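You asked for a quick read-through of this one before you dig in yourself. Here are my notes, written for someone opening the file for the first time.

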Amino acid sequence: MTDDPSASSPLAGTTLPVGRLQHRFGNTDLGFDAWIWRSDQPGPALVINGATHGDEYEGPTLLRQWVETWQPVDLCGTVVIVPVLNEAAFAAKQRCHPIDGENLARAFPGAPEGAPTSRLAHLFETQVLAHATHYVDLHSGGQALELHPWVGYIVGGGADIDATQRAMAACFDSFWCWAGPYLPGRTLSAAFHRKVAAIYTECRGAGEVLPADLADLDQGLQNLLIELSCVAGAQPPLAVQSFHQSTDAEETHLQAHHPAPHAGTFESIVALRDVVEAGATLGIVRPILDQPPTPIFAETSGTVVLRRHECVVQPGDALFVIVPL
Ligand SMILES: [Zn+2]
C-alpha cells in the first residue's frame, strides 16, 4: 500500500493497453475525460490539455479534432490529451468554476478535500501531471480578451529543462515566445515542481475560434511531436520567433496591467501588434453616468499583445498588455 495518490492513476504502471484508450479521471461530478495513446516503444509521456479556463475555445476545439482523427502509426511513448479540463466552467461558458468562483490556474497543486476547483487541480496534478515528462497547456484570450498569440514557459527549473522548454516553444513558430519567472498556482507551477518540461500557448480568443488560429496551433503540435520524438519525421524549417524574457513576475501577470480606473464602456484606439511609445493614448473608458471619460496611457513602450475585447469594464479589469518585442 502507498499513500501516494499518483500511484492509483492508470498512467502509473504498465498495464495500459497499447493503442488508443478513452479514460475518465474522477467521477461524473468532478473529473475530466482523457484520450491516451500508448506505444510499445519507449518514449516521452506528453500531456496536452485545453480549457483550464472554461471560456477559451481554440484548445478544446483542436483537441477534440485530434481525439477523433489522430492515428499515429509510429508512436513512441505515451500521449495524453484532455480537451476540456475544467468541465463545469466550460459548460457555464465562464473562465472560472461556477460553484466556487475559483480560477483553476491559481489553484495548483490543489487539495484532495475542499472546494471543487482545488480538488480538480489535485486530481489533474496527481493523476496526470505526476506521470508526464512533457506538458502543454492550451489557453487563449477567452471571451474577454484578444491576444497577439504567444507561447510561454517558466525559466529557472534548470538548464536542461529551460533548453527543452525553449525547443518545445519554438515548435509553435507562428507565435512569439515569452519566458518568465515562476508564478504560483498555475498548471505550469505544478509541472515546475515536478521537473516536467512544460509550455503554455495563448491563442487569440475574443470569443471566437478562427480556422487560421487553429491551423497555427495544429502545426505547432505536429512540430512538437516530432521535436520530442513521439513520432518519426523530419522537422520542417521553423520560423524564428520574436522572444522576450521577463525577470519581473508582475510583468507576466496579465491582469495587472493598464487596469480600468472605473466602470464604464471601453474603446481601444490601438490595434493588436501596434508598436507604441510610453505615455501614448491607448484607449478610453467612459463612465456610464455623467462624468468625463478617462484616457488610458501606455505604461511602457513596446508591442500591444493584449487588448480587452469586452466593451463593458469593471474597475481593475486589465485593458492592455505591452511587451518589448
Ligand atoms: Zn487561460
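The points below go from the overall layout down to single residues.

1. First, the basics. What you have on screen is a predicted model. The protein splits into domain 1, covering 5–251, and domain 2, covering 255–323. Taken over C-alpha atoms, the centres of domain 1 and domain 2 sit 30 Å from each other.

2. Next, how the two parts meet. Domain 1 brings 13 residues to the contact and domain 2 brings 10 residues. On the domain 1 side, strand 6 (residues 145–147) supplies the largest share, namely three residues. Sorted by class, that side of domain 1 has six nonpolar, five polar and two charged residues.

3. Now have a look at the nine-stranded sheet. This is an open sheet with mixed pairing, and its strands come in the order 1-2-4-3-5-9-7-8-10. Strand 1 (19–26) and strand 10 (243–245) are the edge strands, each pairing on one side only. On average, neighbouring strands here are turned by 20 degrees against each other, direction ignored.

4. One pair within that sheet is worth a zoom. Strand 3 (residues 45–50) and strand 4 (residues 78–82) run parallel and are joined by five bridges. To find the spot, start from Asn-49: its bridge partner in strand 4 is Val-82. As a reminder, strands of a sheet pair through backbone hydrogen bonds, either parallel or antiparallel.

5. Helix 1 deserves its own paragraph. Helix 1 (residues 58–69) lies across strand 2 (31–38), strand 3, strand 4, strand 5 (134–140) and strand 9 (197–203). Its direction makes an angle of about 130 degrees with strand 5. Does the length add up, or what span should we expect for its 12 residues? At 1.5 Å a residue they should span 16 Å, and the end C-alpha atoms of helix 1 are 17 Å apart, which agrees.

6. Staying with helix 1, which of its residues are buried? The answer is Glu-58, Gly-59, Pro-60, Leu-62 and Leu-63. The buried residues of helix 1 pack against several elements, including strand 3, strand 4, strand 5 and strand 9. Helix 2 (87–91) and helix 6 (211–227) are also among the packing partners of these buried residues.

7. Then comes the four-stranded sheet. It is open and antiparallel, with the order 14-13-11-16. The edges are strand 14 (294–297) and strand 16, and each of these pairs on one side only. Strand 11 (residues 264–268) pairs with strand 16 (residues 312–313) in the antiparallel sense over two bridges, and Gly-264 stands opposite Val-313 there.

8. Strand 11 has another partner too. Four bridges link strand 11 to strand 13 (residues 281–286), and the two run antiparallel. Phe-266 faces Val-285 of strand 13, while Ser-268 has Gly-283 as its bridge partner in that strand. In a regular strand the side chains alternate between the two faces of the sheet.

9. A few backbone details to check by eye. Phe-108 and Pro-109 are joined by a cis peptide bond, with omega about 10 degrees. Pro-109 is placed in the loop between helix 2 and helix 3 (116–127). Lys-93 is in the loop between helix 2 and helix 3 as well, and its phi is near 60 degrees, a positive value in a residue other than glycine.

10. Lys-195 has a phi near 60 degrees too, again positive in a residue other than glycine. You'll find Lys-195 in the loop between helix 5 (187–193) and strand 9. Are these lysines exposed or partly exposed? Lys-195 counts as exposed because it has 12 other C-beta atoms within 10 Å, and 12 or fewer is the cut-off for that label. Lys-93 has 13, so it is partly exposed.

11. Last, Ala-263, in the loop between strand 10 and strand 11. With 17 other C-beta atoms within 10 Å, Ala-263 is partly exposed. Leaving aside neighbours within four places in sequence, Ala-263 is in contact with Pro-287, Ile-288, Val-313, Gln-314 and Pro-315. Ala-263 and Arg-307 are 44 residues apart in sequence, and C-alpha to C-alpha they are 17 Å apart in space.

Definitions and conventions. Residues numbered from 1 in each chain as written. Predicted model: local features only at pLDDT ≥ 70, side-chain atom pairs only at ≥ 80, totals over all residues. Domains from an automatic or database assignment. Contact = placed C-beta atoms within 7 Å. Nonpolar A, V, L, I, M, F, W, Y, C, P; charged D, E, K, R; others polar. Pairing = 2+ DSSP bridges. Axes fitted to C-alpha atoms, helices over the stretch in contact; angles between N-to-C directions. Expected span 1.5 Å × (residues − 1). Buried ≥ 20, exposed ≤ 12 C-beta atoms within 10 Å, placed from the backbone.
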